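I opened this model to look up its pockets first and its sheet afterwards. My notes follow in the order in which I checked things.

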Amino acid sequence: MSQGASNVRWLLGDFRDSVTGVEEAVVVSSDGLLLADARHSTRSDELAAIVSALTSLAGGLARAIEFGGVKQTMVTMDEGHLVVMAISDGSCLGVYASLQSDLGVLAYQMALLVERAGHALTPQVRSELHRAMAVR
């Protein structure tokens, strides 16, 4: 695996391990494909599909009301939060966190991760990450 792809996976895992309350984090391509996950769980594909659908829905809303691009979407549930943040070129970071997480800290740490991962997600790295997820 290339240095760029390894960096994205490491950044995601480090984010999950260092931010209190993070249960799972995924990076999803603009076409809804899972590129990387933090926990390597069987639910990652399901979360990627949900993140992709939510991103599409939020984008449709933004276009309909002419408010520009979507930067962040959040859904709060009884047991936690799903926060989705745009990375670059349509890809996004989706994070499921427990209610015990501090949303301010979570959003700040996500913004830092998006900035770092955005530079590393070249077309070649996205393709490599997708291939790696497909064979696992």
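Entry 1, the second largest pocket. I began here, keeping in mind that this is a predicted model, and I found that the second largest pocket has a volume of about 300 Å³. I then asked which residues lie closest to its centre; of the 13 that line the second largest pocket, these are Glu24, Arg43, Glu46, Leu47 and Tyr96. When I looked up which elements give two or more residues to this lining, I noted β1 and α2, and the largest share, four residues, comes from α2. Sorted by class, the lining of the second largest pocket holds six nonpolar, two polar and five charged residues.

Entry 2, the largest pocket. I turned next to the largest pocket, in which about 350 Å³ of space lies, and I listed the residues closest to its centre, which are Thr55, Ser56, Gly59, Val70 and Gly90 out of the 25 that line the pocket. I looked up where this lining comes from and found that α2 (44-64), β3 and β4 each supply at least two residues, with α2 giving the largest share, six residues. By class I recorded eight nonpolar, 14 polar and three charged residues for the lining of the largest pocket.

Entry 3, the sheet. How are the strands ordered in the sheet? I read the order as β2-β1-β5-β4-β3, five strands that form an open sheet with antiparallel pairing. I noted that β2 (34-37) and β3 (72-76) stand at the edges and have a single partner strand each, so one side of each is left without a neighbour in the sheet. From one strand to the next, the twist averages 15 degrees.

Entry 4, one strand pair and the helix on the sheet. I followed the edge strand β3 to β4 (residues 80-86), with which it pairs in the antiparallel sense over five bridges, and within this pair I picked out Met74, whose bridge partner in β4 is Val83. I then checked what packs on the sheet and found helix α3 (residues 103-120), which touches β1 (22-28), β3, β4 and β5 (92-98). The direction of α3 makes about 30 degrees with that of β4.

Entry 5, looking back. Setting my entries side by side, I see that α2 gives the largest share of the lining in the largest pocket and also in the second largest pocket, while β3 and β4, which pair with each other in the sheet, each supply at least two residues to the lining of the largest pocket.

Note on methods: Residues are numbered from 1 along each chain as its sequence is written. This is a predicted model: local features need pLDDT of at least 70, side-chain atom pairs count only at pLDDT 80 or more; totals for chains, interfaces and linings use all residues. Side-chain values use heavy atoms; hydrogens and water are left out. Two strands pair if DSSP finds at least two bridges between them. Axes are lines fitted to C-alpha atoms, for helices over the stretch in contact, and angles run from 0 to 180 degrees between N-to-C directions. Contact means heavy atoms within 4.5 Å. On a 1 Å grid over the protein atoms alone, a cavity is a set of points where a 1.4 Å probe fits but cannot get out, and a pocket is an open set with protein on both sides within 12 Å along at least five of seven lines; lining residues have an atom within 4 Å of a point. Grid points are joined across faces, edges and corners, and a volume is the space filled by probe spheres set on the points. Ala, Val, Leu, Ile, Met, Phe, Trp, Tyr, Cys and Pro count as nonpolar, Asp, Glu, Lys and Arg as charged, and the others, Gly among them, as polar.
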